[in-house]
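Please look through the model below before reading on. The text after it goes from the whole chain to single sites.

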Amino acid sequence: MQEKLLEVSNISISFLQYSAGLRQSNLKVISDLTLDISSGEIVAVLGSSGSGKSLLAHSILGILPSNASLSGKMTYLGKDLNQKRKEKIRGDEIALIPQSVNYLDPLMKVSNQVIGECENEEDKKSKLLKQREIFEKYGLSKEVDDMYPFQLSGGMARRVLVSTALISNPKLVIADEPTPGLDEKSVEETLNHLRQMAQDNVGVLLITHDIDAALSVADKIAIFYAGYVIEIANVEDFSGNGENLIHPYTKALYNALPQTDFKLTTGHQPLHGELPPGCPYFERCDNPTEKCSNNLPILTEISDKKVRCYRANEFKNNNVAIKEESSDELHHTDEIGSFEELNYSEKLDYIEEKDSSKEAGV
Amino acid sequence: MKLQGENISFKYPSSKEYIIKDLNISLKSNEIKGIVGDSGCGKSTLCKILSGYNKSEGKITIDGIENNAKNKFNPIQLIFQHPELTMNPKWKMKDILFESWDVDSELIEEFGIQKSWLNRWPNELSGGELQRFSVLRALSPKTKFLICDEITTMLDAVTQVQIWDLVTKIAKDRNIGLLVVSHDKALVERICDDVIYFDEINQSNLKEL
Ligand SMILES: Nc1ncnc2c1ncn2[C@@H]1O[C@H](COP(=O)(O)OP(=O)(O)OP(=O)(O)O)[C@@H](O)[C@H]1O
Ligand SMILES: Nc1ncnc2c1ncn2[C@@H]1O[C@H](COP(=O)(O)OP(=O)(O)OP(=O)(O)O)[C@@H](O)[C@H]1O
Ligand code: SF4
Ligand SMILES: [Mg+2]
Ligand SMILES: [Mg+2]
């Protein structure tokens, strides 16, 4: 019954960038990304800001900017999804809920935007009815139909954007941040719409920073960092102290929520032009090994999940002494201060030094 | 210092009814006050009134003196809900950022903004990256009150903590008063000294009409 709707295999996206003196550099913003969605399934994508979530959405729709290059393979219903086919089925079989409210036409009344192009009078009538129905559920009164985007509050604009995708009958919905700035009622209504669609066998890719929203509707959760999928987790794993989450970034994300610990993690995602040869999280990881700095871990299956980390098995069994307990080893040694404060090359030096002293039996 | 909005009433030219009626609000230096309320109730409208973008009935004063932002840097800075709507698509990010104030590079780094982004156009950045620019550009040394209208909605939780950590530290250091509008109640409770419900300062007056 559940058929594979969209398969994204090993795609990479990069930008040609001209810097001073017309030097060209290649910015890789998505690397080796594999993800699939079946009909009736809701896959949530969480992750770092700037990790490539919106660009993934745009690549599926075939609306990447012209200076972007895409490699890898995508199939839709088993057949190659090339640019031509993307253009043919977007807005129809594949619908996008865009993140930016810039997608609303400032000069067009919102009801007309939601309805879009109609085939004939009858089509228009039925779409008008459906549009009113959706707006009604969303608490958007009759007056809103005739408003222009600048007359809407932030949350109203967001609801109008979502409505645009709901009115078509897509097989696949790519929802890029459908809920920021919405109140609880509207969030719940949006999620109900997505749930209903999934029940009607539509596949949904839900890109969001709202972890609670993702958890309440998704079947599985993919976590992005610096253009890589670093973990595919189960919904149940996001509970308690996050002890069932495996990758250190996923744990940090969970513990940073205002409703858990609001915990501060220092450092930033690596620059796109300067991705380290090894693990993208190396610079921020509390417990790296020597291997991590130079070799990229691959996304590996661990029971029913997937993780991109060399120490995934240890982390899974909570076998790694975390920060406070392990103060003797990597942390807070007198000469160098806290390990996290070191930059990339200092960390490397330190690890190498430590390992060589181990070998020498110091 | 004390920012005060007194007897604020407002309706948009196209609307029949008042959205805000006889509303009173105050914000002191060093204070962090949260506002929550349903979508469409008038929070962003109030933010724009306080920071001088919308003209309303009533008075906006700082220490009793009416705030007239014309011809000088406005000490009441607003960070808009949708950063993508407030950045000129024909300007590069460096022009957008430095138009506001001479941002020091240390702060740029702390906000997780990469130097190379400064040479890009607004549509070449992610939602959360734009949002970070939008926060940073409001943090001029001359800013006395900062009005934050849903300013971290497009950030992942890890970056969200970092940005709030920075903003609240800077506010404390410089005695800035913060007004925080958000639908995320857990977030507001984490960062604010005090939370008010928009309806409680507005609705009762509306109903009397
Ligand atoms: N036209 C462009 N040229 C160069 N880099 C770009 C361009 N468009 C996007 N990028 C970069 O690609 C990276 C990924 O962007 P994307 O919009 O996919 O991030 P995102 O994961 O959706 O982030 P957010 O959660 O903040 O919306 C960002 O660092 C962004 O700056
Ligand atoms: N320029 C305008 N012209 C006419 N009406 C407007 C205009 N801007 C906003 N409104 C209306 O004013 C009301 C309040 O809008 P406002 O943006 O202040 O809400 P909000 O509380 O910030 O909501 P949200 O949480 O959705 O951002 C809404 O009903 C909106 O339709
Ligand atoms: S242990 Fe190594 S591979 Fe795993 S997150 Fe840390 S640095 Fe990356
Ligand atoms: Mg995005
Ligand atoms: Mg608003």
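The paragraphs that follow treat chain A as a whole, its domains, the ligand site and one loop residue.

The model is predicted. For chain A the pLDDT averages 88, and 87% of the residues score at least 70. Two stretches of chain A fall below 50. In residues 323–340 of chain A, where the pLDDT is below 50, the model still has 13 contacts beyond near neighbours in sequence. Residues 357–362 of chain A also have a pLDDT below 50, and this stretch has one contact beyond near neighbours in sequence.

The secondary structure of chain A consists of 11 helices and 12 strands. Of the 362 residues in chain A, 42% are buried. Among contacts in chain A with a separation of 6 or more, 65% join residues 24 or more positions apart.

Chain A has two parts, domain 1 (4–225) and domain 2 (231–359). To the contact between them, domain 1 of chain A gives 16 residues and domain 2 of chain A gives 17 residues. Which elements give two or more residues to the side of domain 1 of chain A that touches domain 2 of chain A? They are S2, helix H8 (211–217) and strand S9 (220–225) of chain A. S9(A) supplies the largest share of this side, five residues. By class, the side of domain 1 of chain A that touches domain 2 of chain A has 10 nonpolar, four polar and two charged residues.

Strand S2 of chain A, which takes part in the domain contact, also appears at the ligand site. Ligand 1 is located between chains A and B. Its shell holds 20 residues, and the closest are A:Lys53, A:Ser54, B:Ser126, B:Gly127 and B:Gly128. At least two residues of this shell come from each of strand S2 (23–38) of chain A, helix H1 (53–61) of chain A and helix H4 (127–137) of chain B. The shell around ligand 1 divides into seven nonpolar, 10 polar and three charged residues.

The last site is a single residue in a loop. A:Asn82 sits between strand S5 (79–80) and helix H2 (83–89) of chain A. Is A:Asn82 buried, exposed or partly exposed? There are 14 other C-beta atoms within 10 Å of A:Asn82, so this residue is partly exposed; 20 or more would make a residue buried, and 12 or fewer would make a residue exposed. The C-alpha atom of A:Asn82 is 9.4 Å from that of A:Ile60, a residue 22 residues apart from A:Asn82 along the chain.

Methods. Residues are numbered from 1 along each chain as its sequence is written. Chains are lettered from A and ligands numbered from 1 in the order in which they are written. This is a predicted model: local features need pLDDT of at least 70, side-chain atom pairs count only at pLDDT 80 or more; totals for chains, interfaces and linings use all residues. A residue is near a molecule or strand if its C-beta atom, placed from the backbone, lies within 6 Å of it. Helices (H or I, at least four residues) and strands (E, at least two) are DSSP runs, numbered from the N terminus. Ala, Val, Leu, Ile, Met, Phe, Trp, Tyr, Cys and Pro count as nonpolar, Asp, Glu, Lys and Arg as charged, and the others, Gly among them, as polar. pLDDT is the predictor's confidence in each residue, from 0 to 100. Two residues are in contact if their C-beta atoms, placed from the backbone, lie within 7 Å. Domain bounds come from an automatic or database domain assignment.
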